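Subject: Handover of a structural model

Dear colleague,

Please find below the structure that I am passing on to you. The sequence and the coordinates come first, and my notes come after them.

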Amino acid sequence: MKTAQDVAVRAPGAPDPDASTRHRVTQSILEHGPSTAAALGERLGLTAAAVRRHLDVLLERGLVVAREQRVYGSRGRGRPAKVFALTDAGRADFYSAYDEVAIAALEFLAEEAGSDSVRKFAVSRATPTEARYADLMATGASGTPAQALAGALTRDGYVASVRPSALGEQLCQHHCPVAHVAERFPQLCEVETEMFSRLLGVHVQRLATIAHGDGVCTTHVPRTTPQERPVL
């Protein structure tokens with residue numbers, strides 16, 4: 001039997017009482033990456049039914065997309081769980097960059113000064129950032145160099161975290177303020193990856209990027225011994 005809440009119709013222009021909760025759902029996906037309904041419910045203190053109801057609305061509006069969860073190693077019985085990732089539309093509320101203006105400016109620069117000028121621009125932009133990150137990493141809390149770098153990136157709005165992997169660590173950036181620009185100009189990602197290598201003192205490998213449609217920017221950081229780590 002349907003309740004009055006089930007059949008109630010919201011008047012046009014009336015506030016949506018569920019909007020703040022759906023924003024919490026998308027914020028959680030942004031901060032933690034593609035997530036299952038169970039994980040979202042645990043983080044947000046919501047029931048599984050409540051989470052699925054909000055996810056259904058977000059799916060219908062094109063703000064999230066459902067994918068099969070990647071399984072590393074042997075897969076158990078049953079179908080893999082679904083994970084929910086933000087789409088470009090879902091990320092739109094979190095972007096602070098003026099994408100269209102930035103893209104137009106870089107296209108003009110490339111036409112006037114050649115395609116290499118975009119890379120030179122990216123390097124000039126990364127140079128002071130690299131120096132600032134090095135200082136933050138040198139004075140930051142204890143942990144691995146990748147964790148220190150994640151802290152610096154988070155301060156700049158990249159919502160970064162580190163998780164262990166079989167051969168080292170994975171540096172994950174759950175948000176990219178310039179993802180739409182980087183989709184058009186991959187030089188931005190390339191220069192950033194090179195900056196990570198210098199800061200961490202190892203050759204890192206970019207495994208996935210938001211600019212290419214992945215849920216998270218993921219960079220593999222190989223394991224090093226204490227003697228191999230750079231002195232910042």
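What follows is an account of what was found, from the overall make-up of the chain to single residues.

The model is a predicted one. The chain has 232 residues, of which 39% count as buried. Its secondary structure comes to 10 helices and six strands. Among the contacts with a separation of 6 or more, 53% are accounted for by residues 24 or more positions apart.

The sheet

Four of the strands form an open sheet, in the order E3-E4-E6-E5, and the pairing is antiparallel. Strand E3 (160-165) and strand E5 are the edge strands, as each pairs on one side only. From one strand to the next, the twist averages 30°.

Strand E6 (residues 217-222) has five of its six residues buried, so it is largely enclosed by the rest of the structure. One of its partners is strand E4 (residues 168-173), which pairs with E6 in the antiparallel sense over six bridges. Two residue pairs may help you to locate this pairing in the viewer. Gly 168 has Pro 222 of E6 as its bridge partner, and Leu 171 has Thr 219 of E6. Strand E5 (residues 205-208) also pairs with E6 in the antiparallel sense, over three bridges. Here Gln 205 stands opposite His 220 of E6.

Just ahead of the sheet, a backbone angle deserves a remark. Val 159 is found in the loop between helix H8 (145-155) and strand E3. Its phi is near 45°, which is a positive value in a residue other than glycine. Most residues other than glycine have a negative phi.

The helix across the sheet

Helix H10 (residues 187-200) lies across E4, E5 and E6 and runs at about 130° to E5. Two residues of this helix were examined individually.

Gln 187 lies in helix H10. Is Gln 187 buried or exposed? With a relative accessible area of 16%, Gln 187 is under the 20% cut-off and therefore counts as buried. Leaving aside neighbours within four places in sequence, Gln 187 is in contact with Ser 115, Val 118, Arg 119 and Ala 122. Of these, Val 118 is 69 residues away from Gln 187 along the chain, yet the C-alpha atoms of the two are separated by 7.1 Å.

Ser 197 also lies in helix H10. At 17% relative accessibility, Ser 197 counts as buried. Apart from neighbours within four places in sequence, Ser 197 is in contact with Val 202, His 203 and Val 204.

The packing of helices H2, H3 and H4

Helix H3 takes part in two of the helix contacts described here, one with H2 and one with H4.

Helix H2 (residues 19-32) packs against H3 at an angle of about 105°, and their axes are 10 Å apart. That angle makes H2 roughly perpendicular to H3. On the H2 side, the contact involves Arg 24, Val 25, Ser 28, Ile 29 and His 32, which meet Leu 40, Arg 43 and Leu 44 of H3. By class, the residues of this contact comprise four nonpolar, two polar and two charged.

Helix H3 (residues 37-44) in turn packs against helix H4 (residues 48-60) at an angle of about 115°, with the axes 9 Å apart. H3 is therefore roughly perpendicular to H4. The crossing in which H3 passes H4 is right-handed. Ala 37, Leu 40 and Gly 41 of H3 make this contact with Val 51, Arg 52 and Leu 55 of H4. These residues divide into four nonpolar, one polar and one charged. Leu 40 of H3 is thus listed in the contact with H2 and in the contact with H4.

For a first inspection, I would suggest opening the view on strand E6, with E4 and E5 paired to it, and then turning to helix H10, which lies across E4, E5 and E6. The contacts of H3 with H2 and with H4 can be viewed afterwards.

With kind regards

Definitions and conventions. Residues numbered from 1 in each chain as written. Predicted model: local features only at pLDDT ≥ 70, side-chain atom pairs only at ≥ 80, totals over all residues. Heavy atoms only, no water. Axes fitted to C-alpha atoms, helices over the stretch in contact; angles between N-to-C directions. Parallel < 35°, antiparallel > 145°, perpendicular 65-115°, else oblique. Left-handed = near helix turned anticlockwise from the far one by under 90°. Contact = heavy atoms within 4.5 Å. Nonpolar A, V, L, I, M, F, W, Y, C, P; charged D, E, K, R; others polar. Buried < 20%, exposed > 50% of the residue type's maximum accessible area, 1.4 Å probe, protein only. Pairing = 2+ DSSP bridges.
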